[in-house]
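This briefing covers one protein chain with its DNA strands, grouped by topic. The sequence and the structure come first.

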Amino acid sequence: MEALRKQIITPIGQKLFEIYELLYNHFGPQHWWPGETPFEIAVGAILTQNTAWKNVEKAIANLKKANLLDPWQLYSLPLSALAELIRPAGFFNLKAKRLKNFLAFLCEKYNGSLERMFEEETEALRQKLLGVPGIGPETADSILLYAGNKPTFVVDTYTKRIFTRHGLISEEDDYEQIRLFFMEHLPEDISLFNEYHALIVALGKNYCRPKPQCHKCVLKDI
DNA sequence: GACCAGGCACATC
DNA sequence: GATGTGCATGGT
């Protein structure tokens, strides 16, 4: 913690770090991403789009049970069969296509190897992932950070909601502005980025729903 | 029964 | 460029 604090340059950075410490002391380490392999994490990142994680778990369990949680296996599976397996995750027809788009990218360009994919330079790979239909900025950053251990900050609904309510970012800031806000003010540290986003989700799930419960929130005095 | 979930693409103005 | 809408299951 102290080694990280020394690298903080700006007052905003200190504020962001103060919030991080409050969240960490309240919720403890989150051990993200909840997945066993980089491939499972990448699949989960696509399946969890606008969806409760509980539902994603069922879908991933179906894939595991069928022994299909493998790039080439999934890539060769008919679209309709894939859709049925991931049904519990919601938006299943749409997500089946999105998964296939990613699998085509992974299999055709990197021979199905995430290890090989992550050999690419981070920013270049980020742009390529964003070029895959169905992979937007949050999904791309989740894959980079949590499956690839690359230093990028993941922004989600909770991030925008929480930090807007605390006046640190503006309502009209877009995804990229918010991502850069965190990356410019915090030291570039993979573990920090990993834990910070996970803690934001923990806070969001508990206290920062659309109807806030700010009186109970650990950040109520910030 | 309403509301919400760890988004994204596309249509329409 | 901004704003609206479809996509769907499952928990609270």
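By class, the surface near DNA strand C is made of 5 nonpolar, 5 polar and 2 charged residues. The model is a predicted one. The notes below go from the two DNA strands to the helices, the domains and some individual residues.

**Surface near DNA strand C**

- The residues around DNA strand C are N50, T51, A52, K54, N55, R87, P88, G90, F91, F92, N93 and L94.
- Two elements, α4 and α7 (92-110), each give two or more residues to this surface.
- The largest share, 3 residues, comes from α7.

**Surface near DNA strand B**

- DNA strand B is surrounded by 26 residues, and the closest of them are Q49, N50, G136, T139 and P210.
- The elements that contribute two or more residues here are α10 (137-147) and α13 (190-207).
- With 4 residues, α10 supplies the largest share of the surface near DNA strand B.
- Sorted by class, this surface has 11 nonpolar, 10 polar and 5 charged residues.
- N50 appears in the surroundings of DNA strand B and in those of DNA strand C.

**Helix α4**

- Helix α4 covers residues 53-65, and its 13 residues should span 18 Å at 1.5 Å a residue. The C-alpha atoms at its ends are 18 Å apart, which agrees with that expectation.
- V56, A59, I60 and L63 are the buried residues of α4.
- Seen down the axis of α4, the buried residues fall within an arc of 95°, so they line one face of the helix.
- These buried residues pack against α3 (38-47) and α6 (79-85).
- The face of α4 turned away from the buried side carries the exposed residues K54 and K65. K54 is also one of the residues around DNA strand C.
- Just after α4, N67 takes a positive phi of about 60°.

**Helix α13**

- α13 has 18 residues and reaches 26 Å from its first C-alpha to its last. That is close to the 26 Å expected at 1.5 Å a residue.
- The buried residues in α13 are L192, F193, N194, E195, Y196, H197, A198, L199, I200 and L203. E195, a glutamate, is thus among the buried residues.
- The packing partners of the buried residues of α13 are α1 (2-6), α2 (11-27), α10 and α11 (157-165).
- α13 also gives two or more residues to the surface near DNA strand B.

**Domains of chain A**

- Chain A is divided into domain 1 (2-30 + 153-216) and domain 2 (38-147). Domain 1 is therefore written as two segments of the chain, as the bounds 2-30 and 153-216 show.
- Taken over C-alpha atoms, the centres of the two domains are separated by 26 Å.
- Contacts between the domains involve 9 residues of domain 1 and 6 residues of domain 2.
- On the side of domain 1 that touches domain 2, the elements giving two or more residues are α12 (175-185) and α13.
- α12 gives the most to that side, with 3 residues.
- The side of domain 1 that touches domain 2 has 5 nonpolar, 1 polar and 3 charged residues.

**Backbone details in the loops**

- W32 and W33 are joined by a cis peptide bond, with omega about -5°. W33 is found in the loop between α2 and α3.
- H31 is in the loop between α2 and α3. H31 has a positive phi of about 55° although it is not a glycine.
- H31 counts as exposed because 9 other C-beta atoms lie within 10 Å, and the cut-off for exposed is 12 or fewer.
- N50 sits in the loop between α3 and α4. Phi of N50 is near 50°, a positive value in a residue other than glycine.
- N50 is likewise exposed, with 9 other C-beta atoms within 10 Å.

**Residue Y158**

- Y158 is placed in helix α11.
- Is Y158 buried, exposed or partly exposed? Y158 counts as partly exposed, because it has 18 C-beta neighbours inside 10 Å, whereas a buried residue needs 20 or more.
- Leaving out residues up to four places away in sequence, Y158 touches I200, V201, L203, G204 and C208. Of these contacts, I200 and L203 are among the buried residues of α13.
- Y158 and C107 are 51 residues apart along the chain, and their C-alpha atoms are separated by 33 Å.

Notes: Residues are numbered from 1 along each chain as its sequence is written. Chains are lettered from A and ligands numbered from 1 in the order in which they are written. This is a predicted model: local features need pLDDT of at least 70, side-chain atom pairs count only at pLDDT 80 or more; totals for chains, interfaces and linings use all residues. A residue is near a molecule or strand if its C-beta atom, placed from the backbone, lies within 6 Å of it. Ala, Val, Leu, Ile, Met, Phe, Trp, Tyr, Cys and Pro count as nonpolar, Asp, Glu, Lys and Arg as charged, and the others, Gly among them, as polar. The expected span of a helix is 1.5 Å times one less than its number of residues. The arc is that of the directions from the helix axis to the C-beta atoms. Two residues are in contact if their C-beta atoms, placed from the backbone, lie within 7 Å. Domain bounds come from an automatic or database domain assignment.
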